[in-house]
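This report covers a protein chain and its ligand. Have the sequence and the structure at hand while reading.

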Amino acid sequence: MREIGSRLLIKQGDTAQELAKIIDGESTIPVFANAGYSRHSKFVESQVARHTQLRLFSGQVTIDPSGVSKENGEPFKVYSAFRRKWEQVYQKKIFRTDYQSLGIKPEIMSSCDLHSGKNSLARSSTRANAVRTLRKFTGLKGGINRYSELSDRVDQNTTSGMSEFISLGLIGPNELFEVADYLRYSSDDNRYLGSVNSWRNQLIWREFFKHSLDHFPDSENQSLNPNLESIDWINQKVDIDAWNDGETGYPIVDAAMRQLSEDGWIHNRLRMIVASFLVKDLLVDWRIGANWFHDKLVDYDSALNSGNWQWVAGTGFDASPFFRVFNPVLQGRKFDPKG
Ligand SMILES: Cc1cc2nc3c(=O)[nH]c(=O)nc-3n(C[C@H](O)[C@H](O)[C@H](O)COP(=O)(O)OP(=O)(O)OC[C@H]3O[C@@H](n4cnc5c(N)ncnc54)[C@H](O)[C@@H]3O)c2cc1C
């Protein structure tokens, strides 16, 4: 950054206060940022806007939440309908970041090195690693080739590993959709196309949950289905402790919870299994589980976390039915057959 006449400051503390110190009364200084969608992000943005000329962009998503709505202007509550509309809007979008006109050399970004620091085993979160991981996933022998058949298998390395990089902003959703599109047009093998599309659909789930949180900011802490807001959870401390520590006695639940504490990342199927176990077997409020994930995940994202917890708990709009309970033994046999 010094080479291009700039510099990087890393500050810790209250965002608005730290920025105010840097700006030092110069309220005409423009501040550029990507909008966040949680209540907290919106609060921080409103604080920052009081002291600066805040200019927000929607780089956390491919299409801004205001750009995907029903004919009557209401937000979508069901994923499949959202996805159809999202695709229509997406087809009209023009991509390709013109790095040259911005005066930015992409490789400069590679030198940025941020460690999330939550876990001893947290992978090194750099732009270079994000690109390397994506290249490996999309390469000839990469997970994308078997994604539609094997992405639910927790013992196979078939998912992209992108979540940590996305949530830290080291790689953006636009870039990932561009890559997915490129892969779609580079092959006419149906099996391969099916895999690329399945992976791309997961990225659209991400957009769906981001948009949902923007439209329903209370959903981070409140059940979207009001009928299920007042469930009489048991919330036994001994059960919660066993779940946290990976000592429930159910091998796949315990392995997943221990991996979560060690690595700060677990496979999506494992997240579903442990969430279902907490909510539907131990009858513990989904918010307690969501908070534990908040403290542990290196890819933590409030929209994806609360959206998925509500999906598993059955309290969301487009959720797994509340009477569907994952059997942790059968799930283990199916998705981790060799234990
Ligand atoms: C209870 C629960 C909590 C979760 N909390 C988070 C969280 O805090 N942060 C987070 O990034 N993901 C969360 N997820 C979603 C998902 O588990 C992770 O995004 C995924 O495991 C990341 O691995 P990957 O990048 O290899 O995924 P891939 O399978 O390669 O998917 C590519 C990308 O698509 C998106 N994606 C994948 N699955 C989902 C999904 N179910 N919902 C929304 N977007 C998805 C992610 O951005 C992911 O990086 C949660 C899922 C559950 C069931």
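## Domains

What distance separates the centres of domain 1 and domain 3, taken over C-alpha atoms? The answer is 34 Å. The model is a predicted one.

The chain is divided into three parts: domain 1 covers 2-57, domain 2 covers 79-215 and domain 3 covers 219-335. Domain 2 and domain 3 each give at least three residues to the shell around the ligand.

## The shell around the ligand

The ligand has 26 residues around it. Nearest are Tyr-147, Thr-159, Ser-160, Gly-161 and Asn-268. Sorted by class, the shell holds 14 nonpolar, 8 polar and 4 charged residues.

Four helices supply at least two shell residues each: helix 7 (163-167), helix 9 (190-215), helix 12 (268-281) and helix 14 (302-313). Which helix gives the most to the shell? Helix 9 does, with 6 residues.

## Polar contacts and cover

Two contacts involve ligand oxygen atoms. One oxygen atom of the ligand is 2.7 Å from an N or O atom in the Thr-159 side chain. At Ser-163 the partner is a polar backbone atom, 3.0 Å from an oxygen atom of the ligand. A nitrogen atom of the ligand is 2.8 Å from a polar backbone atom of Asp-299.

How much of the ligand's accessible area does the protein cover? On its own, the ligand has 830 Å² of accessible area, and the protein covers 97% of that. The space that the ligand takes is the second largest pocket.

Definitions and conventions. Residues are numbered from 1 along each chain as its sequence is written. This is a predicted model: local features need pLDDT of at least 70, side-chain atom pairs count only at pLDDT 80 or more; totals for chains, interfaces and linings use all residues. Side-chain values use heavy atoms; hydrogens and water are left out. A residue is near a molecule or strand if one of its heavy atoms lies within 4 Å of it. A polar contact is a pair of N or O atoms within 3.5 Å; within protein, one must be able to donate a hydrogen and the other to accept it, and residues adjacent in sequence count only if both atoms are side-chain atoms. Accessible areas come from the Shrake-Rupley method with a 1.4 Å probe; for residues, only the protein chains shown count as cover. On a 1 Å grid over the protein atoms alone, a cavity is a set of points where a 1.4 Å probe fits but cannot get out, and a pocket is an open set with protein on both sides within 12 Å along at least five of seven lines; lining residues have an atom within 4 Å of a point. A molecule sits in a cavity or pocket if more than half of its atoms lie within 2 Å of its grid points. Ala, Val, Leu, Ile, Met, Phe, Trp, Tyr, Cys and Pro count as nonpolar, Asp, Glu, Lys and Arg as charged, and the others, Gly among them, as polar. Domain bounds come from an automatic or database domain assignment.
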